[in-house]
Structures are given as structure tokens and as C-alpha cells.
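Trainee: Could you take one part of this model and go through it slowly with me? I'd like to hear how the strands pair up, and what sits around them.

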Amino acid sequence: MSKTNKQEELNADKVMTKYDRKMQERKEKEAKDKKENVVSKITAIIVAVVVVAVIAIAIIVTVKNKKEAVEGTFMTVGEHEISNVEYDYYYNLMLTDYLNTYSSFLPYMGYDTSKSPDMQLYDEQRTWGDIIDEMTVEQIKETKALIDDGKAAGFVYETEDADYQAFADGFVEQAALSGITVDEYYKTSFGEHATQANLEPFVRETLYVSAYANKLLADFAPTEEEVQAYYEENKNDYDTVSYNVYAFLADVTDESTEDEVVAAMADAEAKALEMKARVEAGENFLVLCKEYDGEPLDVEVESEEPVTNENAIRGGTYSVMTPAYADWVYDDARVEGDIETFKDEENDRYYIVEFVEKKYPEDTNVTISNQLASEEVLRYNASLTENYEVVDVAGELYYLTIEDETTAE
């Protein structure tokens, strides 16, 4: 069955619901986020293959004789000819890394690890196999571009032999743990024609790229002044806060009239203001939470702010905080003990929030430095890869056909 016919068959079986579209948007965002840091991606791929036991996946390899798979040209990237064996190596690196990275999300994303990626729809035009193909081609482009650049720059990878041996030893250990031979482990992990000997050049290339990327990270490291300036402009992305919060829910339903909603919100506001006054008068915020929850008050509070209480948020971040009070909590004017109520019309409730403290995490400077350096490396690598043309010699990269059709339209 052709890939086009298979696509039509899969489309006929799947109806995109609102939930499906929502999950698809989440998947696309995750895929985009994953590409944001080329350095961490390269390193993570190597780690994933060495430390992860064999997983039950269907290897997608067109049946070819060994000579053609090893010596034939599957695709070209710039001036580099990529064999079927090399492509399978990168394909399975990307697949394994993706499955491990998003293992907890896969059931919600509609991905079944017991089935071939080529037989599962990603969207109306593409299968999961097409998505992995696209990721694979991009990885190959990045790898070849960085190798060419590293060699042109005279970069010497001094620990290459030791690092490759560590990789090979890791495979021996994992094969033993999986109860199969080393040869079987290579084939299970990288395709039917994979052997330690014919994969060695590609593994060494990937390790070289990881080492060179680390050098680029150091080269592009920002100054202390640049780090501080970036922090000042993006404080809310890094500072963490501690606060106590309680929500008074308005007693409404989907059938409530506008007048009933207004009355219920007024009641919720009155309770929030009442609790605010009691805290300001000296009562403990978290003990009052139990009272308003209807729990007995003869409880012992081990400290003024027991972090085990669900109403006590410690180390909260702006990105996941409720918008109704996020800006107030993060305002630099906040001091310990500040308390305020907030209306949340969209969710029919009133919040009462007591500020505790805001912290500047100790590793913030390192985090920002790594982030800025990684972004520079990403831009640098993008400038390298833009002239690396991809040619689908074997005619098996369906996602390129979709792009061509879209461009033509």
C-alpha cells in the first residue's frame, strides 16, 4: 500500500475532536520547545541510547539487501551522502529520545508504543513516522553542519576514543541486562542492518558534535553584565514566590441566572473580606482555611506556615500562577504579611492571598548564562544549516512531499 493510500485509510478511521485538536496543539508546542536547544538535544540523544533498555518499538526499515543499505544513498544533505544504515541510526535515536522524553504524555497524545509510528496519524496529512522523519532530517543537517564547521575551525576532539569506548561499553552492559546479544541489541536499537562496526563512524560523529557544541557554548557565554541585564528584564521568569491562598467559590451552576451569579459572587466576596479582616486581626491564615473548609479547629499547627498544607504555596512560579493575583504577588513592593482579595469572574470565585516571600534562586545566573549561550548556538547553527539542501534520493521522505504541495498551493 502506498503511503498516500495508507494516509487516506487512517484519515477515514480518525475523527478529530476538540480534545484531539487541543492535544495536537500541545504536541506541536512540545516539539517546538524541544528544538529550542540544539546542544541539550544532541547530548540527550547519546544518553538515551546508552542508558535505556530495549523498548518495544517497530523499526521502520525498508527491506533492502545489506550492500545497498550500507553503501547506497538514501538521501543527501549538502555535499554529504547519507546511507540507509546511517539514516536508520539517526531515525531511531530521535524516536527513542522522543519516546523517553514524552513517555508520560504519550497516552494523551494518541501515540501507541506497540505500533509502528508509520501506522499512527499525527494530523490529517502526516503520520507519526513523518514527524520522526522530519526531526531526523533536521538532526542530520545540524550534525553535518556542525561537523563541517568544527573541522574548518580546527576543533580537536581529544577524548573521542575514550568517549566512544564508553558508549560501546554501555551497549554491552545494556545488551546483557536485556538478555540479548550485542549484535541483537544494535539491530533492535538501530535497524536490521546495524552493526557496531558500520555504526561506529556515525556514533563518533555524534559524539564529536556534542563536544564541539559544548565548545560553542563556552565561546558564546554572555558576560556577567549581560546576564544581569537579562534578569532585570525577565525577573518573573526566574524568581520564585511563597504565599498562602484560599478560594471562595460562588455557589452557581451553568443554569444560574445573571442575578443569581451576581448575588453568589457578592457572597463569596463578603467571605473573602471577612477572612482578610480576621487575618489582619492576628488569626492564622492556614488555620482559617480549615475553618472555611468546614474542618474542626482543634488542629495543631506545627509552624506559622506548614508547607504540607495545600493552601501554602512554596516556590511558586509566575508562569503557572493564577492570573487574577499573579502580578500582585510578583510586585517588588510586596512585603511579608501583605494580604489582599481578588475577583476571578471567569471562574466564579474570590481569592484571598497572603504574601510570604520572593526568592532569587541561587542558580539563576548559571541558568540564564546557559540559556543565552544556547540561544546563540542555536542561531549560529541555523546560519550554518540554511544552505544544506536536502535531496530525497530514495523517495521515502513523505513529509517533504507535503511541504512541496503546500508551497505549490
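**Strands and their surroundings**

Mentor: Let's start with one pair of residues: T76 has E81, in β2, as its bridge partner. Before we go on, keep in mind that this is a predicted model. T76 belongs to strand β1, residues 75-77, and β1 pairs with β2 in the antiparallel sense over 3 bridges. Zoom out a bit and you get an open sheet of 3 strands in the order β2-β1-β7, with antiparallel pairing. The edges are β2 (80-82) and β7 (390-391), each of which pairs on one side only.

Now for the other sheet. This one is open too, with 4 strands in the order β4-β3-β6-β5 and antiparallel pairing. At its edges stand β4 (312-316) and β5 (339-344); each has a single partner strand, so one side of each has no neighbour in the sheet. Going from one strand to the next, the twist averages 30 degrees.

In the middle of that order, β3 (residues 240-249) and β6 (residues 349-359) run antiparallel and are joined by 10 bridges. If you want a residue pair to click on, V245 stands opposite V353 in β6. Helix α13, residues 285-292, packs on this sheet and touches β3, β4, β5 and β6. The direction of α13 makes about 25 degrees with that of β3.

What happens where the chain leaves β3? A250 lies in the loop between β3 and α12 (258-280). Is A250 buried or exposed? The cut-off for buried is under 20% relative accessible area, and A250 comes in at 10%, so A250 counts as buried. Leaving aside the neighbours within four places in sequence, A250 is in contact with A264, M265, A268, D348 and R349. A264, M265 and A268 fall within the range of α12, 258-280, while R349 belongs to β6, residues 349-359. D267 is another one to check: it is 17 residues from A250 in sequence, with the two C-alpha atoms 7.2 Å apart.

Next, the charged side chains. As a reminder, side chains of opposite charge can pair when their charged atoms come close. The structure holds 20 salt bridges, and I'll pick a few. One of them is D332 with K235, whose closest N and O atoms are 3.6 Å apart. That pair links distant parts of the chain: D332 is in the loop between α14 (323-330) and β5, K235 is in the loop between α11 (224-233) and β3, and the two are 97 residues apart. Their surroundings can be compared too: D332 counts as exposed at 55% relative accessibility, and K235 as partly exposed at 23%.

Another salt bridge involves edge strand β5, whose range, 339-344, includes K343. K343 forms a salt bridge with E345, and the closest N and O atoms are 3.6 Å apart. At 45% relative accessibility K343 counts as partly exposed, whereas E345, at 54%, counts as exposed.

Away from these pairs, salt bridges that share partners join E160, D161, E200 and R204 into one network. Within that network, R204 and E200 form a salt bridge, with their closest N and O atoms 2.9 Å apart. Both lie in helix α10 (residues 196-219), 4 residues apart, which is about one turn of the helix. R204 counts as buried at 18% relative accessibility, while E200 counts as partly exposed at 28%.

The network's other two members, E160 and D161, take us to helix α8, residues 160-178. The helix has 19 residues and reaches 27 Å from first C-alpha to last, close to the 27 Å expected at 1.5 Å a residue. Which residues of α8 are buried? They are Y164, F167, A168, G170, F171, Q174 and A175. Viewed down the axis of α8, these buried residues fall within an arc of 150 degrees, so they line one face of the helix. Remember the periodicity: an α-helix has 3.6 residues a turn, so residues three or four places apart point the same way. On the other side of α8, the exposed residues are D161, A162, E173, A176 and L177. Just after α8, G179 takes a positive phi of about 75 degrees.

Notes: Residues numbered from 1 in each chain as written. Predicted model: local features only at pLDDT ≥ 70, side-chain atom pairs only at ≥ 80, totals over all residues. Heavy atoms only, no water. Expected span 1.5 Å × (residues − 1). Buried < 20%, exposed > 50% of the residue type's maximum accessible area, 1.4 Å probe, protein only. Arc of directions from axis to C-beta. Pairing = 2+ DSSP bridges. Axes fitted to C-alpha atoms, helices over the stretch in contact; angles between N-to-C directions. Contact = heavy atoms within 4.5 Å. Salt bridge = Lys/Arg side-chain N within 4 Å of Asp/Glu carboxyl O.
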